[in-house]
Structures are given as structure tokens and as C-alpha cells.
Amino acid sequence: MKILVCGGAGYIGSHMVRYLGGRGHEVIVLDNLSTGHREAVDERQLEVADLLVPSSLKAVFSRHSFDGVIHFCARSLVGESVSQPYAYYENNVAGTLNLLQAMREAGVSKLVFSSTAAVFGHPETTLIAEDHPTRPINPYGASKLMVERILADAASAYGLRSTALRYFNAAGAHPEGRIGESHQPETHLIPNVLRAALGQEAGLKVFGLDYPTRDGTCVRDYVHVNDLASAHLLALQHMESYEGAHLFNLGNGQGFTVLEVIEAARHVTGRSISYAQGNRRPGDPAVLVASSDKAQRVLGWRPRFTDIGEIIETAWRWHQAPRY
Ligand SMILES: NC(=O)c1ccc[n+]([C@@H]2O[C@H](COP(=O)([O-])OP(=O)(O)OC[C@H]3O[C@@H](n4cnc5c(N)ncnc54)[C@H](O)[C@@H]3O)[C@@H](O)[C@H]2O)c1
Ligand SMILES: O=c1ccn([C@@H]2O[C@H](COP(=O)(O)OP(=O)(O)O[C@H]3O[C@H](CO)[C@H](O)[C@H](O)[C@H]3O)[C@@H](O)[C@H]2O)c(=O)[nH]1
């Protein structure tokens, strides 16, 4: 297949590009490099374009003919979405609409979309399945839920085939260590913990030790980026036979507390990791763990990295010698 990966210079997108390339697919990356890195992709694959500039988008579709699109572009900082909601709705909703228009004009009818556990808000059950109520508590989650709705409408109006994958906590890096997670600012737990292990992050804080969990810290479901990549390819293949708008939750089905992640990182790195006790971060639910039964049953998805130590080890390889 020839696949357009929008946001392919970013963290998860660059792993997707590697994964597809390794399986013989032809890939073009569309990215405005706002949070992505030129060094994360092969220059020959890269089309620098912006979802908010329709002419730049259309130019990409006129130069290539795609079998499908995987769409990772977004602004994705929860806190920032609360203070700058217009920027989030503009990039994540209006930008996606521009992409959908360009796809329609070019006759491209399959899309895989990055959704998020943030569509659920405060969960009502410990294990979150696809039919769990969606009540996002911040503009980031709301913007992703709006796109899910647009995709459902596009399926009935235009026959667009789509799959929204709601990832829980993407983690780890390609085991070869050439690509990895590099955000500025970095808000995610595992990179911050590993930077603390390297002595690069003096101010590591655990946000809240008074949650109703086994050690008082938040529980999250960490899923390896390469496992996310494999689910995207399965979703594209699934849409060859099934029309409509599909939804899947993606996680490992196992939750780890913040303190358990720090302990696992101590074990992997063999270094001491000190932290301070911080206040709760606004908008953080106590527990977010996915039920990925549907993805396993319908797509045949099998995550390979189920051990938190193994996931952290791949990230550790990257953080010791990051290339960007
Ligand atoms: N990282 C996680 O744990 C996580 C969890 C759930 C969902 N997601 C979603 O997965 C996707 C990828 O996340 P990530 O962590 O790799 O983010 P990232 O910021 O590393 O990657 C996003 C990429 O999209 C590009 N981009 C953004 N806006 C664009 C635009 N208007 N035009 C062209 N390119 C644009 C950026 O330059 C970047 O390369 C996002 O949609 C995010 O909301 C991430
Ligand atoms: O320096 C840090 C960073 C994080 N945390 C804690 O560690 C846990 C994980 O935090 P991350 O920021 O790594 O991940 P989130 O669970 O907040 O975010 C993930 O899930 C969200 C949905 O809830 C969004 O989809 C987001 O893009 C995705 O990365 C949270 O309890 C957070 O409070 C800390 O204690 N210290």
C-alpha cells in the first residue's frame, strides 16, 4: 500500500513510519514540524505541509496517490488545551476537516485516526471498554471526540471508512534506539523519570499521592509505540473488508501507579531517581486502564510488550543517546 502518515515526524507517527517501511509499504510523511522532528524521518519521504493550510495539503494529494491515510497530527497537551481552547479546536478539529476534504477530493476513502483515553473523562469502571460513556473533561479530549463524531457522519454521508484508535499511555521507543520520544516541554511521566535518572531533570514531581489507589498515585495503562503501530496497520487492513466508522481502545489492560513506574525505572537503569511530592495535576483521573478485548478479537491485535520493565528499557536506550 502507499500510505500517507500525517504527523509522521512526531513520536508515535515516526514509529508508525518505521513499522510500515519494515513491512514493504510505501510511506509519505506530511508534517508541519511544529512538535515533530525532521531527523525522525527519511528526508525523501517528508512533505512539509500544514493541515491548517488547505493549499499545502492539496498539493501533497496531487503529487501522490494514496491507498489510505493515518492521521497523528494534533496539539495534545491537556493543560494547554484548557488555557488555549481555540488553538486546540482549530488544529485538531478544523485541521482534520481540511484533511478529510482533501481526501474526499482525491478519492482516498480510508483513514486511521489517533483518538485518546481523554474522551472518557473520569471513568465509571476500572477497565474501560469502547461503550464506556464519553464525557471529556478538557478541550483536548473534547476535540478528539468531535472528530470521532465527524467520522461517523462522514461514513454515512460519503462512505468514508475510518478507524479511531483511542490510545491510553503511549510509551517506549523503537528497540534499535534511533527514534524515540522528544517533546518540548516534556510532560509525560516515563521520559521525565528517565531524564531524572540521567541527572537531567532535577525537579521530577509525583503529581498527587492522595488518590484512592494502592499507593496513592495515579494508575495508567502503558502501551508500547510499536504495538500501537501494529494496531494501525491491522486497522487499515480491516477496513478493506468492512465499511463504516470503527472504534477501538488500545492499552495493555494492566495498570501501573506512578511510584511503580519509578521503581521499574530504577531497576532498569540501575540509578537512583529522586522525586518530590507534588500536588494533583488538574484533570488527571485516578485510574485509566483499557479493555482492549475488542481490538484483540476484531483486529487480531496482540501487544508484544506487556512488561513495564521491557517498555521502559526501550525508552532508556533512546534517552541515553537521543538523536534529536
Ligand atoms: N502520546 C500519547 O500518549 C498519546 C495518547 C493518546 C493519544 N495520542 C494522540 O496521538 C497522536 C500523536 O501523539 P504524539 O505523542 O506522537 O504527538 P507529537 O506531538 O509527537 O506528534 C504530532 C505530530 O503532528 C505534527 N502536527 C501537528 N499539527 C499539525 C498540523 N496542523 N499540520 C501538520 N502537522 C502537524 C507535529 O509536528 C508532530 O510531528 C496525537 O494525535 C495525540 O493526540 C497520544
Ligand atoms: O512529571 C510527571 C508526569 C506525569 N506524572 C503522572 O504520571 C501519570 C501519567 O502522566 P502522563 O502525562 O505521562 O500521561 P497522561 O496519563 O496524563 O496522558 C495520556 O493520556 C491522556 C488521556 O488522559 C492524553 O491522551 C495524553 O495525550 C496521554 O499522554 C499521571 O498520573 C501524571 O499525573 C507525574 O506524576 N509526574
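## Ligand 2 and the two domains

The shell around ligand 2 takes at least three residues from each of two domains: domain 1 (2-171 + 223-250) and domain 2 (189-220 + 253-320). Keep in mind as you look that this is a predicted model. In total, 18 residues surround ligand 2, and the closest are Thr 116, Ala 118, Leu 189, Phe 207 and Cys 218. Two elements, α6 (189-197) and β9 (205-207), give two or more residues to this shell.

Which element gives the most to the shell around ligand 2? That is β9, with 3 residues. Sorted by class, the shell around ligand 2 holds 8 nonpolar, 6 polar and 4 charged residues.

## The surroundings of ligand 1

Ligand 1 is surrounded by 26 residues, and Gly 7, Gly 10, Tyr 11, Gly 36 and Ala 74 are the closest. The elements that give two or more residues to the shell here are α1 (11-22), α4, β5 (110-116) and β8 (169-171). Of the elements, α1 gives the most to the shell around ligand 1, with 3 residues.

By class, the shell around ligand 1 has 13 polar residues, 11 nonpolar ones and 2 charged ones.

## A closer look at Gly 95

Helix α4 spans residues 85-106 and includes Gly 95; α4 is also one of the elements giving two or more residues to the shell around ligand 1. Is Gly 95 buried or exposed? Gly 95 counts as buried because 25 C-beta neighbours lie inside 10 Å, where 20 or more is the cut-off for that label.

Leaving out residues up to four places away in sequence, Gly 95 touches Leu 51, Leu 52, Cys 73 and Glu 90. Ala 276, by contrast, is 181 residues from Gly 95 in sequence, and the two C-alpha atoms are 39 Å apart in space.

## A four-stranded open sheet

If you trace the strands, you will find an open sheet of 4 strands in the order β6-β15-β10-β13, with mixed pairing. Why do β6 (127-128) and β13 (256-257) each have one side without a neighbour in the sheet? Both stand at the edges with a single partner strand, so one side of each is left free of a neighbour in the sheet.

Strands of a sheet pair through backbone hydrogen bonds, either parallel or antiparallel. Here, β6 and β15 (residues 287-290) run parallel and are joined by 2 bridges. Leu 127 stands opposite Val 289 in β15.

## Confidence in the model

The chain has an average pLDDT of 97, and 100% of the residues score at least 70. For the complex, the predictor gives an ipTM of 0.97 and a pTM of 0.98.

Key. Residues numbered from 1 in each chain as written. Chains lettered and ligands numbered in written order. Predicted model: local features only at pLDDT ≥ 70, side-chain atom pairs only at ≥ 80, totals over all residues. Near = placed C-beta within 6 Å. Nonpolar A, V, L, I, M, F, W, Y, C, P; charged D, E, K, R; others polar. Domains from an automatic or database assignment. pLDDT = per-residue confidence, 0-100. Buried ≥ 20, exposed ≤ 12 C-beta atoms within 10 Å, placed from the backbone. Contact = placed C-beta atoms within 7 Å. Pairing = 2+ DSSP bridges.
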